[in-house]
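Q: Please take a close look at one part of this model. I would like to see how a long helix sits among its neighbours.

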Amino acid sequence: MLRSTLTTACRRAAALFVAGVMVPSGWAQDTSQVPNAPSAQTQKTPTTAQPFELKNYAQPRSHFPNPVGPYTPRTVAPPSLANTGRLEQLMRDGKLYISMNDAVALALENNLDIAIARYNLNIADTDIWRANAGQATRGVNTGVVQGTPGGTGTGVGSTSTGGGAGGTTAGTGGAGAGTSGLVTSTSGVGAAIPSFDPVLTGTLQFDRNHSIGSNAFSTTSEGNTTTANFSYQQGFHLGTNLSVGFNNTRATTDSQFNTFSPQLSSNFRATLSQPLLSGFGLLANTRFIRIAKNNREISDVAFRLQVITTVNQIQNIYWDLVNAYENVKVQQDSLALAQKTLSDNQKQVEIGTLAPIEVVRARSVVATNQQSLIVAQTNLQLQQLLVKNALSRTLVDPVLADAEVIPTDTMSVPENEPVSPIQDLVNQALAQRAELAESRIDLTNRDITNKSAKNALLPTLNLFAYYGGSGIGGVQNSNYICIKDPTNPQCTNFAPVPTSSYGDTLNQLINSTAPDKGVGLQLAIPIRNRSAQADQVRSQLEYRQAQMRLQQQENQIRIEVRNAQFSVQQNRASVEAARAAVELGKQSLDAEQKKYALGASTTTLVLQNDRDLTQAQSNLVAANSAYEKARVELDRAIGATLERLGILVADAERGQVTKMPSVPYVAPRPVEQQTPVQPPAPPQQ
């Protein structure tokens, strides 16, 4: 009867387990069948990118309300590679009209560097999961992703690309590489940490045994054994470890030497251990939790640095586009004047008032200006391609791929340059630069490692205590030797045992029928302890090294701020000089044309003055662009880019701009100047 009761209970437990597994599976099947429905959903696929959903992965799934929730995988949505609707709104007549504010907003929504860096925030959240479970962290990507060409250097591919999916080559929170390439191999070193996630283990076993007697005290017998063992283990933040075991056996046999058949055996044991030296305390056991949370802060700062870097690059790309666009206008005007001069010379040669050599000379100037215009136009086309690549996720749309980009803003140099005391700028940079914030948080992590490494130097001394009990019961074995042969000398004091149930057996565990309890100390002293000494010394050396690197960064930032301010002053002076040169060129050309009209000059001198004016105008365009880039660099150097432009980091995290940026030192281009670039006319023969 007892066996049948246990069998029925086991069957019911198995049925409940199967039902619990099948119900979520059914839900999963229902969900997975939706995409296979007739193409109604497929036809509704959005053509524009949806906002990036920044989920909170700091909280794992629990057993409530779904008991099997922690054991089911999560699916991260595939990345949206469609461009946002803002890009379509700026398209008119197959051309893309973009202001500087539009360019920055499009970059926050579409730029792939920022899109790649967004995932690092959630990746850092998963490290907090591991740390809360008592596991070592895997590190986070904190490098700047720079896969967008243009805006820096002189070549298309002049930007550096970070290694790995997250673009990190020197991640602050990474386990293998620290800030600016400093190795952090001792990060998190210390005593072993117990698992903070409880572990429940169960064993259910059925065994049938046939044994052959080998001596006078053993006989051939058959037996069936059912085993059901369970254990529970959990660690705590002080280093305490709790272990509870509960074992049950039901055995039947026809052996004449066993008192019970079936025999019920149960025992349990609860053990509590506590480190007293190495591994004792909150810091030693929660160091990974603290490091993971600090790394999450580093990820926030690193993403802010990513946004700053990308926005600066976008501004530089836009000014390169404006430079190329206005340079084409300059070259077109120069070519138009050269062509007019060639036409006038040809007419004068026809009537015999001008030597034919002047036509040859004018035609050479036209060819030279034609070449300059082609170079300017191809450079403009390259800059347009770089802008479209930087502000979109994909260029597979043929309309976007072939669209001409028209900048609706131009460069604006203020009449009076605001001058701030250099020390104020340096102090602002030291307080706001993201790189310094990362390094300071990294120093906090290294200090945690120093303390845990110091604790790991101590010997291992564990205090443990345990309590257990055992019980036995069952039914008198009918084949027992004293039942069959009461006269057997071994059965002198034999008395039949009463039948006891499984409940009686369990009662023996707690009524001290057969207690098992104790307390003790376990000491382990590593002789020489060289490994722990090496880790402790190395953690100290790396900490001091990081302190020196932080000081070096502060020195570099001081130089960067001063150099950025010098660059603004120098480029402003270049603008003033270029303006004066343009004014001189205009007046010189006008004077030469008047002299030519009176017959006191030649076409050669007119074209020479026109060439000088063209060069001066090109220099002015380049000087204005260099000045704008210098302002961008100064904002970056003092860490004021986001505040100066009014950019919300939350918008960048979601990939949806709710507040339009406002870029300073920008002037709207007159509508009549927002015209597409016309192809050059062929030179006249």
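A: What follows goes through the surroundings of helix α6, from the sheet to the helices beyond.

The model is predicted. Start with the sheet. It is open and has 3 strands, in the order β1-β2-β7. Their pairing is mixed. Strands of a sheet pair through backbone hydrogen bonds, either parallel or antiparallel. The edges are β1 (91–92) and β7 (404–407). Each of these edge strands pairs on one side only.

Now the pairing of β1 with β2. Strand β2 covers residues 95–98. It runs antiparallel to β1, and 2 bridges join them. Met91 has its bridge partner in β2: Leu96.

Helix α6 packs on this sheet. It touches β2 and β7. The direction of α6 makes about 95° with that of β7.

Next, the helix partner. Helix α6 spans residues 282–351, and helix α14 spans residues 603–637. Their axes come within 10 Å and cross at roughly 175°. An angle over 145 degrees counts as roughly antiparallel, so α6 is roughly antiparallel to α14. The contact of α6 with α14 has 14 polar, 9 nonpolar and 6 charged residues.

Helix α14 also meets helix α13 (residues 530–597). Here the axes come within 7 Å and cross at roughly 160°. These two helices are therefore roughly antiparallel as well. The crossing of α13 and α14 is left-handed. Their contact divides into 21 nonpolar, 12 polar and 9 charged residues.

To sum up, α6 packs on the sheet and runs roughly antiparallel to α14, while α14 is roughly antiparallel to α13.

Methods: Residues numbered from 1 in each chain as written. Predicted model: local features only at pLDDT ≥ 70, side-chain atom pairs only at ≥ 80, totals over all residues. Heavy atoms only, no water. Axes fitted to C-alpha atoms, helices over the stretch in contact; angles between N-to-C directions. Helix = DSSP H or I, 4+ residues; strand = E, 2+ residues; numbered from the N terminus. Parallel < 35°, antiparallel > 145°, perpendicular 65-115°, else oblique. Nonpolar A, V, L, I, M, F, W, Y, C, P; charged D, E, K, R; others polar. Pairing = 2+ DSSP bridges. Contact = heavy atoms within 4.5 Å. Left-handed = near helix turned anticlockwise from the far one by under 90°.
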